[in-house]
Structures are given as C-alpha cells and as structure tokens.
Amino acid sequence: MHTTTQSFINEQEINTILEKHRQPGLEEVNEVLAKAKEMKGLDLHDVAVLTSINDRTQLQELFETANHIKETIYGKRLVIFAPLYISNLCANECTYCAFRAKNKAIVRRSLSQQEIKQETEMLIKQGHKRVLLVAGESYPNQRFQYVLDSVRSVYEAKHNNAEIRRVNVNVAPLSEDEFRLLKNEKIGTYQIFQETYHRPSYKKVHLGGLKANYDWRITALHRAMEAGIDDVGIGVLFGLYDYRFELLAMMQHIAELERVFGVGPHTISVPRLEPATGSDTASNPPYPVGDLEFRKIVAILRLAVPYTGIIMSTRETAKMRSETFALGVSQISAGSRTNPGGYEHEDEVSGQFSLGDHRPLDEVIRDVAQMGYVPSFCTGCYRLGRTGQDFMDIAKPGAIKAHCGPNALSSFMEYLNNYASPETYKTGIQLIEKTLAEMEGLPADRARKLVDRVKRGQSDVFC
Ligand code: SAM
Ligand code: SF4
C-alpha cells in the first residue's frame, strides 16, 4: 500500500478553513454546539469554528456540551493505566526529549527481561491491570526482538496469581512485518504521536535519526492496521505548533483511517510539552498552550470524535487532570515513573520529562473516587476480541455505558478488595453503592451481579 501524506494532511485546506472561521458569529457557534449534541461527530469546519471561541460565555457553553457528551456516553468511568519505560536508549534527536541521542545529562539504561518482570510485579502489587510499554528508538543487541520479548515478559509476570491483562505499546514506527510480529504478542493498542502535523515545525525539532522522516511516521498507523492491529492511538505533542492547526490535521488523519480501514483511532493522547533534562525546546515551547486553551482542546476533541477515548498522562498536575475529566478525558495514567527501572528506583533527572502528578496509585484512586469518578481496570473488550470496528459497533449506539459501566464497577471492586488502603476502601465502597443506586435497567442488573461475584471472592469478571 502506498499512502502519501500529500493526500490526507492538506495544509492548504486547513489554513483556508481556519481563516474562514476566524471570527464566527454567535449563531454559527450555537449551530456547531447543537450539532455536537447529536453525538455524531464534527467536520473540519465545525472544529475550526470551535477553535475560534474566546468569549467567556461561549467557552462555558463549549465546556458544558463536552461534559454533557462525556456523561452521556461514558458516565463517570475513568480507565487507569501505568506506563512502563523499558529503555531510554535512542538514536533520534528530538530536541524536546531527554532521551535524544546527544543528551549526555541522563543515565542510559535498557531493562533486561528479568528486570522488566520485576518492574511489572511492582505494578501488579499496586493493583494495575493495564500497562503502556514505552521505549526510545534504539534497542539493545536483540534489536526489535527486544520489544517483542518485553511484551511477553510483562504478560508473564505474576504476583499472588494476579497479572497485567492488557499491554498497550508506544514505540517508534515499525514496518508492516514487524507490526505483524507485535500483533502476535497480543498487544492491546498500538499508539504513536505525530508530535506535530505541521511539516516545517516537525523538521525544526527532529534533527536526526529515523524520526526525522515525517512520512514514515505519519503512515505508521496505516501499516499497523494493514498488519491487523485494529486498536490504534494517535496524539499531538501540544506546544510545538499552533493547536488550531493540529486539531484540524488530526481530524484529517482520523478521516483518512476511517476512509481506508472503516474505523478511526481507538484513543487520542494529548501530551503537552513538559520540561525535560537537557532540552531547551521543552522549557520554552515554540507555541505554548495555556491551561484554558488546554481545556478547550480536550473539550473540542470530545465534541469532534465523541466515541474515541481521550488519554491524559501524569505530565499534567492533579488539578488539571481533574478539570479535564469533566470535559471528556476517559483514561489516565497513575503512579507513573518515566525512567526505566523507575518503579524500583525513581530518578527524575533520567526520566523522559517532568511529571506533574507524583502521587501513588492508591492516592490517585481515592481522589478520583472522591470526585465521583469510577476508576476502571477493565480489559474485557480486548479479551473478548471486541476491538476496532467491533468496539465501535458496541460504542456507537451508546452501549459503552451498558457494558463498561458494570465492568468498571466490578474491576474497581476487585481493586478495593485486594489493593486499597483502608481509607481508599471506605471511599470506594461508598462510591460503588452510590453508583449502583443511580443505575437503572439492564446495566444496573448486570453491575449488581458482577460486583456481588467479586465480593464473594471471584476475580476478573466482566460482561
Ligand atoms: N520513542 C518513541 C517515539 O518517539 O515515538 C516512543 C516513545 S516516546 C518516549 C513517547 C512520547 O513522549 C513521544 O511521542 C512524545 O510525544 C512524548 N514526549 C517526548 N518528550 C516530551 C516532553 N518533553 N514533554 C512531554 N511529552 C514528551
Ligand atoms: Fe527518542 Fe522518542 Fe524521545 Fe524522540 S521522543 S528522542 S524518538 S524517545
């Protein structure tokens, strides 16, 4: 398959549309918000209109619409995962990243398979079920086989009969054959961020190595999907270029995947540039994105692609994370470390970037629960083979709540039974009871049955 970016990231079209909607009237904004409430997604023009909102009242309406969509489709569920950094070796020269090849200020390390199992055990002990495996773009002697072995090691690790149930992967773009091998290891989502869709900006910050090739990167998900990986994740590193442009380009990327494969990305990540050891770009982003703009980005994405998960990492502070839950974030990382081996020995200098949220998992879970959100460790869809189009089929008619709501509660109950501190247990049980009392119909029946089974000592129950 030969896909050129010329055909799907069309800078001229983006700029023309942005220019056209630079100052939308009140009526135009209201029309887009009304369309968004139908929860069928938005087009490039609609997104451009929303990016131009600056008026406080209109912004508030945007946020309220995002909250309405999030509550209607996802309810109060928040999926929890932990990143697992296996290696910070890297042959690329991304000016914003501490792992870039020429950076002498960090200690280089790639974990052995034994160490990966130990790190995973630390995560299992905390109660994690989902891991995002992350690496720089250069692998030790075993080359790409290292990544395959590492995925296997994470699945093989055990503690008290518990294990990681879904491994998502964020590694550099692969060839189609390599993607096939990765799929054979039973990964969940493969994610890759374009960083910036704006070619000149991309060139400025990617100074060497394979990553300097914009086209190889932007076609990565085509190769992944061609190889049969149907849950894929996209993302932009906000701060490298104008976020308005990035949002429209992201829409073009999504439309392209939908056109070719009949299904768009499973998730969108919204990393914002954070300070990183040995990086000027990271400390002085060329296009800084303020907190209000950041909330606007999340809200617009929630309206534009209502059924696509939005992931927020521990790059953001606890305050920003809680503000964006209400706007549409559906997955968060918790208790994270970004240096290889970091769960045994934290070392922020050698981490990939500074973390905004340092709290351990138990504390994050308690906080999330106190805010009324149900932490979910569910991996049911993936294990039942409900991925890609099959997931979207159950998602689109609004069934996320009917499946994921009950599964979130049973997986949370399992967490409380086995890993929570007494304080978190108390908060969590109250939340489960309250949520069950508010549920109606089939989801309520299912949820009660599942939670009861976990209370009786069963684990890993889902529908
Ligand atoms: N090396 C692979 C690559 O670059 O695609 C995968 C792992 S890389 C460590 C994962 C992501 O970290 C990058 O795609 C980038 O968006 C993000 N990142 C790098 N430096 C960052 C920084 N200073 N602040 C926030 N995110 C950063
Ligand atoms: Fe390497 Fe990825 Fe960091 Fe770039 S972002 S320097 S490719 S680890």
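## Overall size and make-up

The radius of gyration is taken here over C-alpha atoms, and the rule for a globule is 2.2 Å times the number of residues to the power 0.38. For the 463 residues of this protein, a compact globule would have a radius of gyration near 23 Å, and the protein has 21 Å, which agrees with that expectation. The model described here is a predicted one.

Taken along the principal axes, the C-alpha atoms of the protein fill a box of roughly 60 × 60 × 40 Å, and the secondary structure comes to 19 helices and 9 strands.

## Helix H3 against helix H13

Helix H3, which covers residues 44-51, and helix H13, which covers residues 291-304, have axes that come within 10 Å and cross at roughly 155°. Because of this angle, H3 is roughly antiparallel to H13, and H3 passes H13 in a right-handed crossing.

On the H3 side the contact is made by Val-47, Leu-50 and Thr-51, while H13 contributes Lys-296, Ile-300, Leu-303 and Ala-304. Sorted by class, the residues of this contact between H3 and H13 comprise 5 nonpolar, 1 polar and 1 charged.

## Helix H3 against helix H11

H3 also packs with helix H11, residues 243-261, at an angle of about 160°, and the axes of these two helices are 10 Å apart. Angles over 145 degrees count as roughly antiparallel, so H3 is roughly antiparallel to H11, and the crossing in which H3 passes H11 is right-handed.

From H3, the residues that make the contact are Leu-44, Val-47, Ala-48 and Thr-51, and from H11 they are Tyr-243, Arg-244, Leu-247, Leu-248, Met-251 and Gln-252. The contact of H3 with H11 has 7 nonpolar, 2 polar and 1 charged residues. Val-47 and Thr-51 of H3 are thus named both in the contact with H13 and in the contact with H11.

## Helices H18 and H19

Further along the chain, helix H18 (residues 422-438) packs with helix H19 (residues 441-455) at an angle of about 155°, with 10 Å between their axes. H18 and H19 are therefore roughly antiparallel to each other.

Ile-432, Glu-433, Leu-436 and Ala-437 of H18 make this contact together with Ala-447, Arg-448, Val-451 and Lys-455 of H19. By class, the contact of H18 with H19 has 5 nonpolar residues, no polar ones and 3 charged ones.

## The surroundings of ligand 2

Ligand 2 is surrounded by Cys-90, Asn-92, Cys-94, Cys-97, Phe-99, Arg-100, Gly-136 and Lys-211. The shell that these residues form around ligand 2 divides into 4 nonpolar, 2 polar and 2 charged residues.

Note on methods
Residues numbered from 1 in each chain as written. Chains lettered and ligands numbered in written order. Predicted model: local features only at pLDDT ≥ 70, side-chain atom pairs only at ≥ 80, totals over all residues. Heavy atoms only, no water. Axes fitted to C-alpha atoms, helices over the stretch in contact; angles between N-to-C directions. Helix = DSSP H or I, 4+ residues; strand = E, 2+ residues; numbered from the N terminus. Parallel < 35°, antiparallel > 145°, perpendicular 65-115°, else oblique. Left-handed = near helix turned anticlockwise from the far one by under 90°. Contact = heavy atoms within 4.5 Å. Nonpolar A, V, L, I, M, F, W, Y, C, P; charged D, E, K, R; others polar. Near = heavy atom within 4 Å.
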